[in-house]
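User: Please take a close look at one strand of this chain, how it is covered and what it pairs with. I would then like the surrounding parts described in a connected account.

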Amino acid sequence: MRIEEKALILPALYIINAHEAISTSELIRELTGVFNPSGEDAEILSGRKDTKFSQIVRNLMGSHYKTNEMAALTQRSPAGRNAKFSLTEKGKQYLEANSEAVLYLFANPFEYNDMQELSEKIASSGKSKKRIVVYDENDITSEGKARRTSGLTRQRSAKLREMAVQEYKTAAGGTECFVCGFNFEKVYGEIGKDYIEIHHERPVFQYPGEGFEEFSKEAVKRMKPLCSNCHSMVHRKMKEPVSVRELIEIVGKPGAL
């Protein structure tokens, strides 16, 4: 399935804002690094250097610029091939209103299909007053101590973390790292009881109007308990993310531990 142009509007605004002003070529490079397109979107166009993904970005900032909202959200200067884009006041307001979801998108090394799914859900809810609720992995890792989220989301983050801990608790007690089997309680005793970091294998977000109980059953399936070392390795290289499955294979090699 191809990514939709509208799904790249908010990610593009985030990158433009970070650079203050940026060219289309630079934007293509940044977005490609974040999304790591695969499948059909990674294919090179015939007779071109562009992939199908990069061509969508070119359309976003070029031939479709005046019809896809970007003309209202950004300003282009100077005219021509050397143009750089910066945010208008409307663009800054739109980005700020959706900052929590966009930051979540950029902070996690999800696979392309999941990046595509999340960015399209963010785009669909971006204009409405009922935006999707995202659950920052850092909030859940730090036992619900959220940074920018609302009081209700903080409470739900803490509850979701507890559900994940209980879901993966072993019969012998404690919650082991899904990759290497490290158990904080067995090593550190009482101080390590129920401690584990919770990694999002896939995006964890809640649709507007969706009940928490209904959402949480699916959300727990998207999360895995990891020790601090394994969690750090998963996130070490944003442009070359390592999946939990791949890390299990690495750790399982003779002499890996």
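Analyst: Strand β5, residues 197–200, is covered on both faces: Glu 197 and His 199 lie on one side, Ile 198 and His 200 on the other, and all of them are buried. The description applies to a predicted model.

The partner of β5 is strand β7, residues 223–226; the two run antiparallel and are joined by four bridges. Within this pairing, Ile 198 stands opposite Pro 225 of β7. In general, the strands of a sheet pair through backbone hydrogen bonds, in either the parallel or the antiparallel sense.

One residue of β5 also leads to a helix. Glu 197 is among the contacts of Ser 228, together with Phe 184 and Tyr 195, once the neighbours of Ser 228 within four places in sequence are set aside. Ser 228 belongs to helix α12, which spans residues 228–235. Is Ser 228 buried or partly exposed? Its relative accessibility is 29%, so Ser 228 counts as partly exposed. The C-alpha atom of Ser 228 is separated by 8.9 Å from that of Cys 177, although the two residues are 51 positions apart along the chain.

Cys 177 leads to the matter of cysteine pairs. How many disulfides does the structure hold? The number is zero. For Cys 177, the closest cysteine sulfur is that of Cys 180, at 3.8 Å, which is too far for a bond. The cut-off for a disulfide is a sulfur pair within 2.5 Å. Cys 230 presents a comparable case: its sulfur has its closest cysteine sulfur in Cys 227, at 3.7 Å, and this too is too far for a bond. As to accessibility, Cys 177 has a relative value of 4% and therefore counts as buried. For Cys 230 the value is 7%, so Cys 230 likewise counts as buried.

Helix α11, residues 212–221, contains Phe 212. With a relative accessible area of 10%, Phe 212 is buried. Which residues does Phe 212 touch, not counting those up to four places away in sequence? They are Tyr 135, Arg 156, Lys 159, Leu 160, Met 163 and Gln 206. For one of these, Arg 156, the C-alpha atom is separated by 8.0 Å from that of Phe 212, with their positions 56 residues apart along the chain.

A second set of paired strands forms an open sheet of three strands in the order β1-β3-β2, with antiparallel pairing. Its edge strands are β1 (22–23) and β2 (74–77), each of which pairs on one side only. Strand β3, residues 84–87, runs antiparallel to β1 and is joined to β1 by two bridges. In that pairing, Ile 22 stands opposite Phe 85, and Ser 23 stands opposite Lys 84. Four bridges join β2 and β3, again in the antiparallel sense, and Gln 75 has Ser 86 of β3 as its bridge partner. These two strands, β2 and β3, make a hairpin with six residues between them, and Gly 80 in the turn has a positive phi of about 100°.

Helix α1 lies across β1, β2 and β3, running at about 95° to β3. Buried residues in α1 include Ile 9, Leu 10, Pro 11, Ala 12, Leu 13, Ile 15 and Ile 16. Just after the helix, Glu 20 takes a positive phi of about 75°.

Helix α1 also has a helical partner. Residues 9–19 of α1 and residues 99–107 of α6 form helices that pack at an angle of about 80°, with axes 10 Å apart. The angle makes α1 roughly perpendicular to α6, because angles of 65 to 115 degrees count as such. On the α1 side of the contact are Leu 10, Pro 11, Tyr 14 and Ile 15, which meet Val 102, Leu 103, Leu 105 and Phe 106 of α6. By class, this contact comprises eight nonpolar residues, no polar residues and no charged residues. As a general point, an α-helix has 3.6 residues a turn, so residues three or four places apart point the same way.

For the chain as a whole, the secondary structure comes to 13 helices and seven strands. Of the 257 residues, 46% are buried. Among contacts with a separation of 6 or more, 63% are between residues 24 or more positions apart.

How values were computed. Residues numbered from 1 in each chain as written. Predicted model: local features only at pLDDT ≥ 70, side-chain atom pairs only at ≥ 80, totals over all residues. Heavy atoms only, no water. Axes fitted to C-alpha atoms, helices over the stretch in contact; angles between N-to-C directions. Parallel < 35°, antiparallel > 145°, perpendicular 65-115°, else oblique. Contact = heavy atoms within 4.5 Å. Nonpolar A, V, L, I, M, F, W, Y, C, P; charged D, E, K, R; others polar. Buried < 20%, exposed > 50% of the residue type's maximum accessible area, 1.4 Å probe, protein only. Pairing = 2+ DSSP bridges.
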